[in-house]
Amino acid sequence: MRDMTTARCWHLSRYRTLFFSCSLFITLAFCIHLIPHFPSISASLSPAAAAISSDSCILSLQSVDYSGVVERLPNKSWDWAVSNCGFRKLNKSQVSDLFNGSWIVVAGDSESRLTALSLLISLMGFEIPERVLEDLFKRHDDYPFRLKGIDMKLDFLWSPYTDNFTQYVSQLRQNKTCPDFILFGAEIWEMLYVNNATQYGASLKALRENVLALLSEIRNSRSLPHLFWIGMPEMVTALLGTADWRTKLGDEMRHLYDNELMGSKLLSDNGGPFFKLDLHRLSDSCGRNCTGDGIHYDELVYDSAVQIMFNALRIESDRKPR
C-alpha cells in the first residue's frame, strides 16, 4: 500500500479533479442546531416532522443507496433507501443561514479530514479556493478556517489517537469554553500504530467521563454542544499494500476495536453522548468501486454522512419540548 505521503498527494490530486471538474455533481448539506432561531428554515422543514421522528424512520436514517457507482458514471449520486420519512438535503444558502455565528471542531485522522472537507463544500460549493484544499491536506497539520460572511469558524485538528480528544476536552474545561459542534473520530491509527484494543477501550471510557464532566459544567450557562463520532469505514484489505496493514486493519482486529467502542458507552446507542456517523455501513453500501486504496472513499460517502448528521439534528430538535 502507498505510504502516508503518497496517500496524501493522491487525495489532494484526486479532490482537485473531483471538486473543480465541471462534470462533478455534488449535493451536500449540513444543518446546525437551534432551528427556532431560523424561522424560514424551521417552517420549510416542519411538515415532515412527525414522519422523520417515527422509530422506523430513525432506524433507516443511515440506510442509503448509491447510483452510478458500479457503472462508474461521471455523475454519481446517492439518496436514502426509504422515501417516506421526510429526510432532506439543504442547499448552500440554507446551510449558510444555519451556520451563522457557529463554531465547529472536527478532530481525528484522514477520515475526519475528509468529513471536514465535505462540511466546507456544503458551505462554499464549488467556490473552495485551491489554497484551502492545499492547506487542509497538509500532512498531519491542524487547519483553522473562517467564513467571515456568516461569522462561522471550523477548526480541523489532526488528532489520530483518542487520547488527543481527552486532552482537548480537558482544555475546553480549563478554558471554560466549548464549540457548538464537536466531531471526533479515531480508529485507524490506533489499530496501525498502537494495536491494543483493550487500551483503546480504556481511552474511550476516559474520554466519555471527561465529556460528561464538560457537559455537566456548562449545562446551566449555555446550550450544550452537538456531539458526533465519525466511524471507521470498511477496510478493503485486498487493496492494502502490505501484509502488516492487512492484518492490523483486517476483520478480526476490527471486531475487537468495535467491541471496545460499544463497551465504552461513548455512543448514543449505548447511552453515551456521541451520535455515530456510520461510515462503515455507508462505505460498505457504496462498495469497492468507491475506494482506490481500501481506506478512503469517494466523496459521496462523506456527503451522505454529513447529510445524515443534519437529519439527526432534525430528529433531536423535533423531540425537544416546545
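The residues lining the largest pocket divide into 15 nonpolar, three polar and eight charged; here Ala, Val, Leu, Ile, Met, Phe, Trp, Tyr, Cys and Pro count as nonpolar, Asp, Glu, Lys and Arg as charged, and the others, Gly among them, as polar. The model is a predicted one, in which local features need pLDDT of at least 70 and side-chain atom pairs count only at pLDDT 80 or more, while totals for chains, interfaces and linings use all residues. Residues are numbered from 1 along each chain as its sequence is written, and side-chain values use heavy atoms, with hydrogens and water left out.

**The largest pocket**

Select Ser268, Phe274, Phe275, Lys276 and Ala312: of the 26 lining residues, these are the closest to the centre of the largest pocket. Its volume is about 800 Å³. A pocket is found on a 1 Å grid over the protein atoms alone, as an open set of points where a 1.4 Å probe fits, with protein on both sides within 12 Å along at least five of seven lines; lining residues have an atom within 4 Å of a point. Grid points are joined across faces, edges and corners, and the volume is the space filled by probe spheres set on the points.

Next, display helix H4 (55–59), strand E7 (226–230), strand E8 (275–277) and helix H14 (299–319), each of which supplies at least two residues of this lining. Helices (H or I, at least four residues) and strands (E, at least two) are DSSP runs, numbered from the N terminus. Which element gives the most to the lining of the largest pocket? Helix H14 does, with five residues.

**The nonpolar core**

Keep H14 in view and turn to the largest nonpolar core, which has 96 residues. Such a core is a set of buried Ala, Val, Leu, Ile, Met, Phe, Trp, Tyr and Cys residues joined through side-chain atoms within 4.5 Å. Buried means under 20% relative accessible area, exposed over 50%, and partly exposed in between (1.4 Å probe, protein chains only). Select Tyr66, Ile104, Met152, Leu183, Phe184, Trp229 and Leu249, the residues with the most contacts inside the core. H14 gives the most to this core, with 11 residues.

**Aromatic pairs**

Rings of Phe, Tyr and Trp (its six-membered ring) pair if their centres lie within 6.5 Å; planes under 30 degrees apart count as stacked, over 60 as edge-to-face and the rest as tilted. The count comes to 13 aromatic pairs by this rule. Select tyrosine 161 and tryptophan 189: their ring centres are 6.1 Å apart and their planes stand at 80°, so the pair is edge-to-face. This pair links distant parts of the chain, 28 residues apart, with tyrosine 161 in the loop between strand E5 (152–158) and helix H8 (162–175) and tryptophan 189 in helix H9 (residues 188–194). Are these two residues buried or partly exposed? Tyrosine 161 is partly exposed at 26% relative accessibility, whereas tryptophan 189 is buried at 12%.

Add tyrosine 193, whose ring centre is 4.9 Å from that of tryptophan 189; the planes are at 65°, so this pair is edge-to-face. Both residues lie in helix H9, four residues apart, about one turn of the helix. Tyrosine 193 is partly exposed, with a relative accessible area of 42%.

Move to Phe165, Tyr168, Phe184, Trp229 and Phe274, which ring pairs link into a cluster. Within it, tyrosine 168 belongs to helix H8 and is buried, with a relative accessible area of 14%. The C-alpha atoms of tyrosine 168 and alanine 107 are separated by 9.5 Å, although their positions lie 61 residues apart along the chain as counted by number.

**Charges over rings**

A charge sits over a ring if NZ of Lys or CZ of Arg is within 6 Å of the ring centre and within 35 degrees of the ring normal. Select lysine 89 with tryptophan 78: the charged end of the lysine sits over the ring, 4.0 Å from its centre. Lysine 153 places its charged end over the ring of tryptophan 103, 4.2 Å from the centre.

**Backbone stops**

Most residues other than glycine have a negative phi. Asparagine 195, not a glycine, has a positive phi of about 55° and lies in the loop between H9 and helix H10 (197–218). Lysine 265 likewise has a positive phi, of about 60°, in the loop between helix H12 (251–263) and E8. At 47% relative accessibility, lysine 265 counts as partly exposed.
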